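Trainee: I am new to this one. May I see the sequence and the structure before we go through it?

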Amino acid sequence: MFVHRRRGWEIKESAATPEWAYLNRRQLALGLAAGSIIAFAGRALGGDEADPSAGLYPAANNDRYVLDRPLTDEEITARYNNFYEFGSHKEIWERAQELKVRPWSVLVDGLVEAEQTIAIDDLFAKIRFEERLYRHRCVEAWSMTVPWTGFPLADLVALAKPLASAKYVVFQTFMDPDIAPGQRQSWYPWPYTEVVTIAEATNELAFLVTGAYGKPMAKQFGAPLRLHLPWKYGFKSIKSIVRVTFAEERPKTYWETLVPDEYGFWANVNPEVSHPRWSQATERFLATGERLPTQLYNGYGEFVASLYTGLKNEPLFM
Ligand code: MTE
């Protein structure tokens, strides 16, 4: 089946601009200064007012990815985070402001034509941003919906020019125990790492996130660059990436090293496969507090189920 993927410039202004951004613009038209709104949002939720990429937002919405539920407010998502580098609880957003997101660069290495260290703003200058409204399902049985801005991971794979022998893409988070108190806890296998197959990395859903809610994302979301894989449990969506390595062998991830019986490599969402300590049948939706039924591949099966057809003997859902 041919699916026409509309380009940003083909979308009407009302469709391209989510309601929250549209309302902000209306407020501007009513005489409120842009700076004061952004500065307020920055102070309240931990955004970086001086972010040099701020002018790239908001990006056009890609309406191929639709939600079946309302968006979760930033007031909620920016104050309820998993970012173990800053603590193994949800209230890390203030501590995460210690993270310095400039200068920032990403090392692309391993099985590539040429190793590169790319300054984050040079990377942003090479690619086209778009906004996607995605569901996020944490392995802890809560979920949220976020308007992420970013670009397909496939674009980074293309820039990296991997060799034919590369089978996996390995991501690594920053390592700086001076600012990240969690990293002083030596029983965790720092730095945080995650791994996907090349086929997963080049699937259209795999998204590198740079912003949220129409602006550079707040630090607690994993600024300045994080992954979002909406069909997998949230721990695969690694934050604050500093290194992307192409490999032939699959290294163990942070969570596989720490608790191999509970957090596996594939981690695809499946309501019928329970976590060893709790059911995955339902999820608490952060926007409304309702319990909703969890969907296979978090509802994204039409995009990703074919990735796994030949892998029936693998533990695809843990
Ligand atoms: N990335 C890093 N580096 N450190 C983390 O602790 N937590 C993961 C994932 N990425 C985590 C991470 C988990 S368990 C989830 S559910 C999501 O980030 C949470 O993303 P959020 O805080 O934006 O909701």
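Trainee: How many residues surround the ligand, and which are the closest?

Mentor: This is a predicted model, in which local features need pLDDT of at least 70, side-chain atom pairs count only at pLDDT 80 or more, and totals for chains, interfaces and linings use all residues. Residues are numbered from 1 along each chain as its sequence is written, and side-chain values use heavy atoms, with hydrogens and water left out. A residue counts as near the ligand if one of its heavy atoms lies within 4 Å of it. The ligand is surrounded by 18 residues, and the closest are Tyr84, Glu85, Arg226, Ser237 and Lys239.

Trainee: Which atom of the ligand is 2.7 Å from a polar backbone atom of Tyr84?

Mentor: A polar contact is a pair of N or O atoms within 3.5 Å; within protein, one must be able to donate a hydrogen and the other to accept it, and residues adjacent in sequence count only if both atoms are side-chain atoms. At 2.7 Å from the Tyr84 backbone atom, the ligand's partner is an oxygen atom.

Trainee: What distance separates a nitrogen atom of the ligand from a polar side-chain atom of Thr173, and what distance from a backbone N or O atom of Ser237?

Mentor: For Thr173, a polar side-chain atom is 3.0 Å from a nitrogen atom of the ligand. For Ser237, a backbone N or O atom makes the contact with a nitrogen atom of the ligand, at 2.9 Å.

Trainee: What is the volume of the second largest pocket, and which residues are closest to its centre?

Mentor: On a 1 Å grid over the protein atoms alone, a pocket is an open set of points with protein on both sides within 12 Å along at least five of seven lines, a cavity is a set where a 1.4 Å probe fits but cannot get out, and lining residues have an atom within 4 Å of a point. Grid points are joined across faces, edges and corners, and a volume is the space filled by probe spheres set on the points. The second largest pocket has a volume of about 420 Å³. Of its 24 lining residues, the closest to the centre are Asn82, Tyr84, Tyr192, Gly234 and Phe235.

Trainee: How many cavities of 30 Å³ or more are there, and what is the volume of the second largest?

Mentor: The search of the whole structure finds three cavities of 30 Å³ or more. Residues lining the second largest cavity include Tyr233, Phe235, Glu262 and His275. Its volume is about 60 Å³.

Trainee: Where do the buried residues of helix H6 lie around its axis?

Mentor: Helices (H or I, at least four residues) and strands (E, at least two) are DSSP runs, numbered from the N terminus. In H6 (residues 153-160), Leu153, Leu156, Val157 and Ala160 are buried, where buried means under 20% relative accessible area, exposed over 50% and partly exposed in between (1.4 Å probe, protein chains only). Seen down the axis, these residues fall within an arc of 105°, so they line one face of the helix.

Trainee: Is Ser240 buried or exposed?

Mentor: Ser240 is not a glycine, yet its phi is positive, about 40°. Ser240 belongs to the loop between strand S9 (226-228) and strand S10 (241-247). With a relative accessible area of 0%, Ser240 is buried.

Trainee: Which residues does the cis peptide bond with omega of about -5° join?

Mentor: The proline of this bond, Pro191, lies in the loop between strand S5 (168-173) and strand S6 (193-197). The bond joins Trp190 and Pro191.

How values were computed. The arc is that of the directions from the helix axis to the C-beta atoms.
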